[in-house]
Amino acid sequence: MQFLLLKIASLLGMGLVATRADAAGVDRVAIIRTSFAVAAILAFFGAVITGSPHISRPSALLAIVLGIAFVLMFFFWVKSSRTAGTGMAIVALETAIAIPMLASVVFWHERLTWMEITQSAIALIAFGFLIFEVVYKVQTNPASPGWFWLAGLFTISGLVNTGAKLFQEKMVPQEIMPFLALLFISGFVVTTLLYYRRKSRVSRPALTYGAALGATNIGYYLFLILGLTILPGTVVYPVTAAGEIGLITLVGFAIQRKKLRFRGWLGIGLAVLALVLV
């Protein structure tokens with residue numbers, strides 16, 4: 001359970017850092033570029049400390065592809081947030097668990113115990129309640145709903161999450177840290193090209209927010225992979241998604257004083273129950 005809780009906490013940290021950075025008006029490309037650099041450095045030192053500095057060719061290719069996908073996911077997140085609103089972007093990001101869950105059943109033929117079925121079912125019900133709570137509060141712009149960006153965010157997020165399952169199933173477990181290091185190096189290279197094309201400038205706030213985002217970024221994917229080594233994907237994905245959106249909803253209620261209806265409280269309670277049962 002601790003890996004799932006740490007993944008949920010990492011996502012919350014990413015959201016808080018991104019929100020503060022946007023409020024401060026810091027260049028997003030500079031922040032993302034710095035975050036990839038910091039995450040790559042942390043993963044490199046993690047590989048050295050754990051004594052696993054080597055990586056196989058399949059793992060390296062997967063890491064490079066996922067690094068590029070990470071950049072695309074950030075790009076589609078920004079576009080979705082601007083055109084459809086943050087609420088709908090969250091919905092697209094979180095409902096993307098349908099892709100790795102389907103892949104877990106179709107490609108890896110996961111068979112669940114009754115307890116795992118119960119955990120997954122409770123998490124999916126909680127997720128449904130919380131998604132409806134988010135959608136209920138969303139005010140979309142009919143003239144510019146941003147469906148293209150939302151569809152792209154849904155697809156890329158789903159593939160990124162499926163990549164973690166693919167690594168856990170097919171690659172060498174000891175390669176986790178070098179795999180993450182190469183993934184974030186790949187993302188750093190892509191964002192560096194964007195950085196110089198846009199002629200962005202390095203600033204102290206960009207370095208500060210980028211470093212914080214990088215630390216949470218590596219935690220988000222690391223704890224996802226570690227969670228998948230212990231539990232089936234059809235349990236990990238719905239439980240973490242319900243926990244993430246439940247925590248986001250709770251933070252919105254506590255900090256921004258957003259009204260929370262009974263359905264929202266019920267979703268949060270069921271998400272907590274699913275985590276306790278893991």
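## A buried salt bridge between H10 and H1

With a relative accessibility of 3%, Glu-244 counts as buried, since the cut-off for buried is under 20% relative accessible area. The model is a predicted one. Lys-7 also has a relative accessibility of 3% and therefore counts as buried. Glu-244 and Lys-7 form a salt bridge, in which the closest N and O atoms are 2.4 Å apart. This pair links distant parts of the chain: Glu-244 belongs to helix H10 and Lys-7 to helix H1, and 237 residues separate them.

The structure holds three salt bridges. The other pairs are described under the next heading but one.

## The largest cavity

Glu-244 and Lys-7 are also among the residues that line the largest cavity. The structure has two cavities of 30 Å³ or more, and the largest contains about 80 Å³ of space. Its lining further includes Leu-93, Glu-94, Ala-96, Ile-97, Ser-157 and Asn-161, together with Tyr-220, Tyr-237, Thr-240 and Ala-241.

Three helices each supply at least two residues of this lining: H4 (86-95), H7 (147-170) and H10 (233-255). H10 provides the largest share, with four residues.

## A salt-bridge network around Lys-165

Lys-165 has a relative accessible area of 2% and is therefore buried. Its side chain meets that of Glu-110 in a salt bridge, with an N to O distance of 2.7 Å. Here too the pair links distant parts of the chain: Lys-165 lies in helix H7, whereas Glu-110 lies in the loop between helix H5 (98-106) and helix H6 (114-137), 55 residues apart. Glu-110 is buried, as is Lys-165.

Lys-165 also forms a salt bridge with Glu-169, and the closest N and O atoms of that pair are 3.0 Å apart. Both residues lie in helix H7, four residues apart, which is about one turn of the helix. Glu-169 has a relative accessibility of 34%, so it counts as partly exposed; that class lies between the limits of 20% for buried and 50% for exposed. Through salt bridges that share partners, Glu-110, Lys-165 and Glu-169 are joined into one network.

## Helix H1

Helix H1 runs over residues 2-24 and has 23 residues. At 1.5 Å a residue it should span 33 Å, and its end C-alpha atoms are 33 Å apart, so the expected span and the distance in the model agree. The expected span is 1.5 Å times one less than the number of residues.

Lys-7, the salt-bridge partner of Glu-244, is one of the buried residues of H1. The others are Leu-4, Ile-8, Ser-10, Leu-11, Gly-13, Met-14, Val-17 and Ala-21. After H1 comes Gly-25, which has a positive phi, near 70°.

## A nonpolar patch on the surface

Which residues make the nonpolar surface patch of about 550 Å²? They are Ile-41, Phe-44, Phe-45, Val-48 and Ile-49. Ile-49 is found in helix H2, which covers residues 28-50.

Is Ile-49 buried or exposed? With a relative accessibility of 71%, Ile-49 counts as exposed, because the cut-off for exposed is over 50%. Glu-244 and Lys-165 are in the opposite class: Glu-244 counts as buried at 3%, and Lys-165 is buried at 2%.

Definitions and conventions: Residues numbered from 1 in each chain as written. Heavy atoms only, no water. Buried < 20%, exposed > 50% of the residue type's maximum accessible area, 1.4 Å probe, protein only. Patch = residues over 30% accessible without salt bridge, like charges linked within 9 Å, V, L, I, M, F, W, Y side chains within 5 Å. Areas by Shrake-Rupley, 256 points an atom, 1.4 Å probe, with all protein chains shown as cover. Salt bridge = Lys/Arg side-chain N within 4 Å of Asp/Glu carboxyl O. 1 Å grid on protein atoms, 1.4 Å probe; cavity = no way out; pocket = protein on both sides within 12 Å on 5 of 7 lines; lining within 4 Å. Points joined across faces, edges and corners; volume = space filled by probe spheres on them.
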